[in-house]
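This briefing is meant to be read with the sequence and the structure side by side. Please look at the whole chain before turning to the points that follow.

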Amino acid sequence: MVLLRRVIGDALRARRQGQHRTLREVSSAANVSLGYLSEIERGQKEPSSELLAAICAALGARLSELLREVSDTVALAEQLPGVLVSVQDEPAEATTVAAAPVQKATGRGVRQVSSDGTVAVSVRQDSPLKATLRTARVRPADRTDRDVVCAA
């Protein structure tokens, strides 16, 4: 099971860090306490739709963009067979999931998944009923341009 609040928190943190902004800057702009924003980013609190809209506005992002990213991450996790199967008992091997290589790391409970070369996903099995899913966009080595987000 993928916790939606963790995926939302990861997406918010990735956007904030991509803009090289601090928690203090974003929390001030969104009119939310720094501690609460930190808890949201760590997946410990689930933000209301109003609060999520305020944080997105502070980041200069559309709520629909954030929710689309979260939806894509959850959909990818749902397509992975055995995401919740304990990795510790499996032998290290590489398999293919939807034309994407899967590398299993034994003893650590972490799987690295790469889909179509643009998204890297790491899934950590925290317990039999809890998994942590982290995503990152993969950029080719020859590509030097960066996403630019402008806030007015």
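R16 counts as buried because its relative accessibility is 7%, and buried means under 20% relative accessible area. Please keep in mind while reading that the model is predicted.

**R16 and its surroundings**

- R16 has its place in helix α1, the helix that spans residues 4-18.
- Once the neighbours within four places in sequence are set aside, the residues in contact with R16 are R21, T22, L23, V26, E41 and L59.
- One of these contact partners of R16, L59, belongs to helix α4, which covers residues 49-59.
- L59 also counts as buried, because its relative accessible area is 2%, and the cut-off for buried is under 20%.
- L59 and A29 are separated by 30 residues in sequence, while their C-alpha atoms are 8.4 Å apart in space.

**How helix α1 meets helix α5**

- Two packed helices are described by the angle between their axes and by the distance between those axes.
- For helix α1 (residues 4-18) and helix α5 (residues 63-79), the axes come within 10 Å and cross at roughly 125°.
- That crossing angle makes α1 oblique to α5, because the angle falls outside the ranges that count as roughly parallel (under 35 degrees), roughly perpendicular (65 to 115) and roughly antiparallel (over 145).
- The crossing of α1 and α5 is right-handed.
- On the side of α1, the contact is made by L4, V7, I8, A11, L12 and R15, and on the side of α5 by E65, L66, E69, V70, T73 and V74.
- Sorted by character, the residues of this contact between α1 and α5 divide into eight nonpolar, one polar and three charged.

**The protein as a whole**

- The protein has five helices and five strands, and, read along the sequence, these elements follow the pattern α-α-α-α-α-β-β-β-β-β.
- The protein has 152 residues, and 38% of them count as buried, R16 and L59 being two that are described above.
- Among the contacts in the protein with a separation of 6 or more, 44% are accounted for by residues that lie 24 or more positions apart.
- The accessible surface of the protein comes to about 9100 Å², and 51% of that surface belongs to carbon and sulfur atoms.

Note on methods. Residues numbered from 1 in each chain as written. Predicted model: local features only at pLDDT ≥ 70, side-chain atom pairs only at ≥ 80, totals over all residues. Heavy atoms only, no water. Axes fitted to C-alpha atoms, helices over the stretch in contact; angles between N-to-C directions. Helix = DSSP H or I, 4+ residues; strand = E, 2+ residues; numbered from the N terminus. Left-handed = near helix turned anticlockwise from the far one by under 90°. Contact = heavy atoms within 4.5 Å. Nonpolar A, V, L, I, M, F, W, Y, C, P; charged D, E, K, R; others polar. Buried < 20%, exposed > 50% of the residue type's maximum accessible area, 1.4 Å probe, protein only. Areas by Shrake-Rupley, 256 points an atom, 1.4 Å probe, with all protein chains shown as cover.
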